[in-house]
Amino acid sequence: MNTPVVDGAVLRTEIRLFGREPGAIFWILLFPTLLLVILGSIPSFRQPDDSLGGLRLVDTYVPITVLLGMILGGLQGMPQVLTGYRERGILRRMSTTPVRPIALLTAHMAVFAGAALVSALLALLVGRLAFHVRLPKQPLGYAVALVPAVLVALALGSVVSALSRTTKIAGAVGSAVLFPMMFCAGLWVPVQAMPDLMARIVGYTPFGAAAQALNQAAGGDWPGWTHLAVLAVWTVLLTAGAARWFRWE
Amino acid sequence: MSVIEVSELRKSYGGRAVVDGVSFSVEEGEIFGVLGPNGAGKTTTVECVEGLRVPDAGRVRVTGLDPVADHEQVARVLGAQLQQSELQAKLTVREALELYASFYPHPADWRPLAERLGLTDRLTTRFGKLSGGQKQRLFIALALIGNPRVVVLDELTTGLDPRARRDTWQLIEDVRAGGVTVLLVTHFMEEAQRLCDRIAVIDKGRIAALDTPQGLIRRSAGATVISFTPSAPLDEHDLNALPEVASVAYKDGRVTLSGTDATVNAVITLLARHHITAHQLRVSDATLDDAFLDLTEAAA
Ligand SMILES: Nc1ncnc2c1ncn2[C@@H]1O[C@H](COP(=O)(O)OP(=O)(O)O)[C@@H](O)[C@H]1O
Ligand SMILES: [Mg+2]
């Protein structure tokens, strides 16, 4: 008999515990939208720009802030929590019960994924209400790009956790990967404003591909298959790596 | 059928045998102690019983099942208190009890359990804010919450104050009275002597002795200790020549001998022959402590 890898009571517990982490709530749920509000308050960000195909900078920053919650949570929140669960013997204690310890990992991942999606919706909503950023013209395409983006963030966080023996190491590795990932998502230069070659290279990274897919869906197109394929390949590779390298104790 | 069967268990770390051919079996309703110095391999042994570690060789069965291959079935009937573990820092005591109760098909009611372990006024306290003793008591509660048939307790009362220790002993005796089989790792002699029906003394990964507490004391060389102050000097040579004597100490006019009942009789005869009176004569059984030191030294 095999107990499932997801357990309702464990999931409810992890949701409750997430509610007790003001730091995680701020960085994953609120900070991306706050950043959008700050940038949007700068007048020049609200001027249409010909080099951006008539878009305003604030328009280009909505997909970036949509991705930011996943990147921050996936690299700074989740790996430390998962590594801590292993380091402090919490997974081991659960191994002595009929529920498998993987249920604790999947529960925390689900909570993180939920928070990242809420964060994304919040950024879209505030962008629309405060700065008249159009909601995605191709909503289904947007969702189709968003889901693999969350999955790749989960996979990336899992690899960091699998490779880090201690919570401290997980924190350090997470930070080291954090900045390149935020760059690729376009936090410093939106991908639309990047030089061609750079945009092409960035397009092969998980969040560069995600940003471009979101931009296409926002503009009314279906996200390009190349971008979705890039996301899928990263997700599969990273998940395989995490599964291979993860240690239960 | 034995509830726990361990035969020829072996486990090495880095080429060093930590458990080196351990065998024992525990009957239903028995409290079985595992006693031994630090690093003897006690935790490794019981964690193989819990299915947390995979033996290199040997056979382990819990209610007839393999704790590794049939992990979930074993986990349903086995409650464990690990030597070292933690819970999520912000989980409250009550949430932990409810969560762990939800893992089992027929859990115990956590309220009376919390009450017996003195956790009732800590139910809303987060795990991270509990004292060491409170954490320990919570883990004892979690070991019992699934209404297990077998409980494995690794260093049951470490970190508990004397009062809580005694309450916990009573709790374990009550649990056993309900038919539960208990495997108990300890290094407290008093605990082993009070609770255990049988004890395996483990030293350097091997069983040095396996017997009832009384049996262990009796079989150790100096099971009986005789001490007295003779009214006139005794020849130390005569003392050493006594039958079955294990040790002799003659200091400041007081004689302390250890040996067996035969030694006691011989001392009385010796004194009578020399018309010597024994002042402040004391005859006492050696404690488990003495037996333990004796056994683990002998194996060294
Ligand atoms: N996972 C492990 N890796 C390496 N060495 C270990 C491991 N677990 C235990 N040991 C070693 O095995 C020996 C026995 O440990 P343990 O079973 O914990 O002893 P006890 O519980 O009797 O104090 C110790 O020397 C310990 O350092
Ligand atoms: Mg130990």
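1. Two strands count as paired if DSSP finds at least two bridges between them, and the strand pairs in this note are to be read in that sense. The model discussed here is predicted. With that in mind, β11(B) and strand β12 of chain B, residues 254-259, run antiparallel and are joined by 5 bridges. Within this pair, A249(B) has T256(B) in β12(B) as its bridge partner, and K251(B) stands opposite R254(B), also in β12(B). The hairpin that β11(B) and β12(B) make has 2 residues between the strands, and D252(B) takes a positive phi near 50 degrees there.

2. The pair just described belongs to an open sheet of 4 strands in chain B, with the order β11-β12-β10-β13 and antiparallel pairing. Which strands lie at the edges of this sheet? They are β11, residues 247-251, and β13, residues 278-285, each of which pairs on one side only. On average, and with direction ignored, neighbouring strands of the sheet are turned by 10 degrees against each other. Helix α10 of chain B, residues 261-273, packs on this sheet, where the helix touches β10 (224-230), β12 and β13 of chain B. The direction of that helix makes about 15 degrees with the direction of β10(B).

3. A further hairpin of chain B deserves a look beside the one above. Strand β8 of chain B, residues 198-203, and strand β9 of chain B, residues 206-211, pair over 5 bridges in the antiparallel sense. V201(B) has A209(B) in β9(B) as its bridge partner. Between the two strands of this hairpin there are 2 residues, and K204(B) takes a positive phi near 50 degrees.

4. Chain B also holds an open sheet of 3 strands, in the order β2-β1-β4, with antiparallel pairing. Its edge strands are β2, residues 16-26, and β4, residues 57-62, and each of these pairs on one side only. Neighbouring strands here are turned by 25 degrees against each other on average, again with direction ignored. Strand β1 of chain B, residues 4-13, runs antiparallel to β4(B) and is joined to β4(B) by 5 bridges, with V6(B) standing opposite V60(B) in β4(B). Helix α1 of chain B, residues 42-49, packs on the sheet and touches β1, β2 and β4 of chain B, while its direction makes about 125 degrees with that of β1(B).

5. Turning to the interface, how many residues of chain A are in contact with chain B? There are 28 residues of chain A in contact with 28 residues of chain B. The area buried between the two chains comes to about 2,500 Å², and carbon and sulfur atoms give 54% of that area. On the side of chain A, the residues that lose the most area to chain B are R20(A), R93(A) and P98(A), which together account for 29% of what that side buries.

6. The polar side of the interface can be described in similar detail. Between chain A and chain B there are 6 salt bridges, and the count of residue pairs in polar contact, both residues at pLDDT 80 or more, is 9. One of the salt bridges joins the side chains of R16(A) and E95(B), with N to O at 3.2 Å. Two elements of chain A, α1 (8-18) and α4 (90-95), give two or more residues to the side that touches chain B. The largest share of that side, 6 residues, comes from α1(A). By residue class, the side of chain A that touches chain B divides into 11 nonpolar, 7 polar and 10 charged residues.

7. Over all chains, the structure holds 24 salt bridges. Among them is the pair of R92(A) and E249(A), whose closest N and O atoms are 3.2 Å apart. This pair links distant parts of the chain, since R92(A) belongs to helix α4 of chain A and E249(A) to the segment after α10 (225-245) of chain A, and the two residues are 157 residues apart. Readers who follow α4(A) will thus meet this element twice, in the salt bridge of R92(A) and among the elements that give two or more residues to the side of chain A that touches chain B.

Terms used:
Residues numbered from 1 in each chain as written. Chains lettered and ligands numbered in written order. Predicted model: local features only at pLDDT ≥ 70, side-chain atom pairs only at ≥ 80, totals over all residues. Heavy atoms only, no water. Contact = heavy atoms within 4.5 Å. Buried area = accessible area lost by both parts, 1.4 Å probe. Salt bridge = Lys/Arg side-chain N within 4 Å of Asp/Glu carboxyl O. Polar contact = N/O pair within 3.5 Å; in protein donor to acceptor, adjacent residues only side chain to side chain. Nonpolar A, V, L, I, M, F, W, Y, C, P; charged D, E, K, R; others polar. Axes fitted to C-alpha atoms, helices over the stretch in contact; angles between N-to-C directions.
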